[in-house]
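Please look through the sequence and the model shown below before reading on. The report then goes through strands, cores, a metal site and charged pairs in turn.

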Amino acid sequence: MTPTPVLLDCDPGIDDALAIAYLVAEHRAGRIELVGVVCTAGNVGLDDTVANALAWLDLAGAPPVPVCAGAAGASVVSHVFTPETHGPRGAGYADLKAGQDHVTTTTPARLDPRNGAQLWAHLAHEHRGELVAVVTGPTSTLAQALDLEPLLPGLVADLVVMGGTFRGHPGNTTPVSEWNVDVDPEAADAVCLAWEDARRADTDVRPPLWCGLNLTEQGVWTPEHSSRLLAAADTPLTRALLDALRFYFEFHESVGEGYLAQVHDPLVAWMALHPGEVVAEQSHIRVECCGSHTRGMTVEDRRGHRDRRPNARIAIDVHVPGGPAAVLDEVVAAIASLA
Ligand code: BDR
Ligand code: CA
C-alpha cells in the first residue's frame, strides 16, 4: 500500500512540536509520506514558527521535505501573540540552537522559496484525491490557499483542523472561543464557507474534521509521560521536547489546570491518521466574527436551523480503549522509536 501523503500546517508551538515528531516517526515507519510542512504565525511570530519547525524536523531526523512560510498574522485584524503560553520563542525552555549542534542528518531542513499557500495548492494538485492536510495552528494560511485555489476542498482527501470548541465546552481564550480560531476568526469562517460551497457543488467533497477543545483537552501530558519518553529514548530530540514541555506544564499550572499540559496537536495529528477510530458527527458550522462577547465562537447548527448541507465533522471521541490518554501512549512510543 502506498503511504498516505500528509501536509502539516502548524505554528510550533510546544504541542505542535510533538505533532511534528509524531508525524516524522510515522513517516519513518512507512505509514505516511510527510510531503510538506507549512508554518503559520501563531502564539509566536512567523520567524519563530519557521525556525522552530526547521529545528524540530532536524532533531527528529525528518526526510527532506518542503517547509514553507505561510501567513505572518491574522487575515483582517492585528495578530495577538501570546508568548506566555509557549515561551518567548515558542519552544518553552528548549534551546533549539544548542540541540541542533547534535543533529547528525546530512540533509538539514531548509526553507522552500514558495509561500505556504502555494505549497498547499501545489500539494493538493500533486496528490489530488489523496492528500490528508492537518492544521494545528491558525487557519490563516489555509484561507490564503483557498483564495489562490478555490477548488482546494475538492482536491484534498481530508482536512483535519485543531480548532474551536463544541457542544457547550468552554473556550480557552474567551468563554466561548478556542485560541487557533480566536486569533483569526475570519480565516476559520472562510474555511467553513469554502467547504459549504464546495459541498453544494459536489456532495462527494468530504467535510473537514474539526477537533475542538471538547475532545483535545483530554489529551493530557503529565511529567510521567515525559519520564517514560526519556527512559525509552534519551536523545537531543526528547531532551528538547521535555525542556519545552516543562514550560507548558508551568503555563497550565498558572491558569489553574495543574502541573500538566493539554497537548491538542499530536492528538489531532493522530486522528488525521486514524479516521476510522474517530467518533465524529456531521454538522454545519460557522465562526462568529462580529459579536462583542462571542467573536471566535464556533457556532454549530445541530438542529438544522440554517437548512444547510453539513460542512464539518465534529470530533466527539476516539474509538480506542483508554481514550485520548491511550492515544498519547502511542505518541510517546512513536517518538521514542525515532531514537
Ligand atoms: C491550540 O492553540 C495553541 O496554543 C496550541 O498549539 C493548539 O494548537 C489550542 O487551543
Ligand atoms: Ca498549535
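How many of the seven residues of strand β1 (residues 4–10) are buried? In this predicted model, six of the seven are buried, so strand β1 is largely enclosed by the rest of the structure. Strand β1 pairs with strand β2 (residues 32–39) in the parallel sense, and seven bridges join the two. Within this pairing, Val6 has Leu34 of β2 as its bridge partner.

A similar question can be put to another strand. Strand β13 (residues 312–318) has five buried residues out of seven, so β13 too is largely enclosed by the rest of the structure. Two bridges connect β13 with strand β7 (residues 209–211), and these two strands run parallel, with Trp210 standing opposite Ile314 of β13. Strand β10 (residues 278–283), on the other hand, runs antiparallel to β13 and is joined to it by six bridges. There the bridge partner of Glu281 is Ile314, the residue of β13 that also stands opposite Trp210. As a general point to keep in mind when looking at such strands, side chains in a regular strand alternate between the two faces of the sheet.

**Nonpolar cores**

The largest nonpolar core holds 77 residues, and the members that touch the most others are Trp56, Leu57, Leu241, Leu245 and Met271. Leu245 may serve as an example: apart from its neighbours within four places in sequence, Leu245 is in contact with Ile14, Leu18, Trp221, Ser226, Ala261 and Val263. A second core, separate from this one, is made up of 34 residues, among them Val135, Leu152, Ala188 and Trp195.

**The calcium site**

Which protein residues provide the donors of the calcium ion (ligand 2)? They are Asp11, Asp16, Thr136 and Asp265, where Asp16 is listed with two OD donors, Asp11 and Asp265 each contribute an OD donor, and Thr136 contributes its O atom, with distances of 2.2 to 2.6 Å from the ion. Along the chain, the donors follow the spacing D-x4-D-x119-T-x128-D. Asp16 belongs to helix α1 (residues 14–28) and Asp265 to helix α13 (residues 264–273), so this pair ties together parts of the chain that are 249 residues apart in sequence. Asp16 and Asp265 are both buried.

**Charged side chains**

Side chains of opposite charge can pair when their charged atoms come close. Over the whole structure, a search finds 16 salt bridges, and three of the pairs are set out in the table below.

| Acidic residue | Basic residue | Closest N to O distance |
|---|---|---|
| Glu26 | Arg31 | 2.7 Å |
| Asp158 | Arg206 | 3.3 Å |
| Glu300 | Arg167 | 2.8 Å |

Asp158 lies in strand β6 (residues 158–162), whereas Arg206 lies in the loop between α9 (185–201) and β7, so their pair ties together parts that are 48 residues apart in sequence. The pair of Glu300 and Arg167 also links distant parts of the chain, since Glu300 is in strand β12 (residues 298–300) and Arg167 in the loop between β6 and α8 (179–182), 133 residues apart.

Are the acidic partners in these pairs buried or exposed? Glu26 counts as buried because its relative accessibility is 7%, Asp158 counts as buried at 6%, and Glu300 counts as buried at 17%. Their basic partners can be examined in the same careful way: Arg206 is partly exposed, with a relative accessible area of 35%, and Arg167 counts as partly exposed at 30%. Elsewhere, salt bridges link Glu196, Asp197, Arg200 and Arg308 in a network.

Glu149 offers a contrast, for this residue is buried yet has no salt bridge, and the nearest side chain of opposite charge, that of Arg128, is 7.7 Å away. Glu149 is found in the loop between α6 (140–148) and α7 (152–155), and, leaving aside neighbours within four places in sequence, Glu149 is in contact with Ala121, His125 and Leu155.

**A closer look at Ala69**

Ala69 has its place in strand β3 (residues 67–69), and at 22% relative accessibility Ala69 counts as partly exposed, because the range for buried residues ends under 20%. Not counting residues up to four places away in sequence, Ala69 touches Cys39, Leu46, Val50, Leu111, Arg114, Asn115 and Gly116.

Definitions and conventions:
Residues are numbered from 1 along each chain as its sequence is written. Chains are lettered from A and ligands numbered from 1 in the order in which they are written. This is a predicted model: local features need pLDDT of at least 70, side-chain atom pairs count only at pLDDT 80 or more; totals for chains, interfaces and linings use all residues. Side-chain values use heavy atoms; hydrogens and water are left out. A nonpolar core is a set of buried Ala, Val, Leu, Ile, Met, Phe, Trp, Tyr and Cys residues joined through side-chain atoms within 4.5 Å. Buried means under 20% relative accessible area, exposed over 50%, partly exposed in between (1.4 Å probe, protein chains only). Contact means heavy atoms within 4.5 Å. Helices (H or I, at least four residues) and strands (E, at least two) are DSSP runs, numbered from the N terminus. Two strands pair if DSSP finds at least two bridges between them. Lys and Arg count as positive and Asp and Glu as negative; His and the chain ends are not counted. A salt bridge is a side-chain nitrogen of Lys or Arg within 4 Å of a carboxyl oxygen of Asp or Glu. Donors are N, O and S atoms within 2.8 Å of the metal (3.2 Å for Na, K and Ca); water is not among the atoms, so sites may look incomplete.
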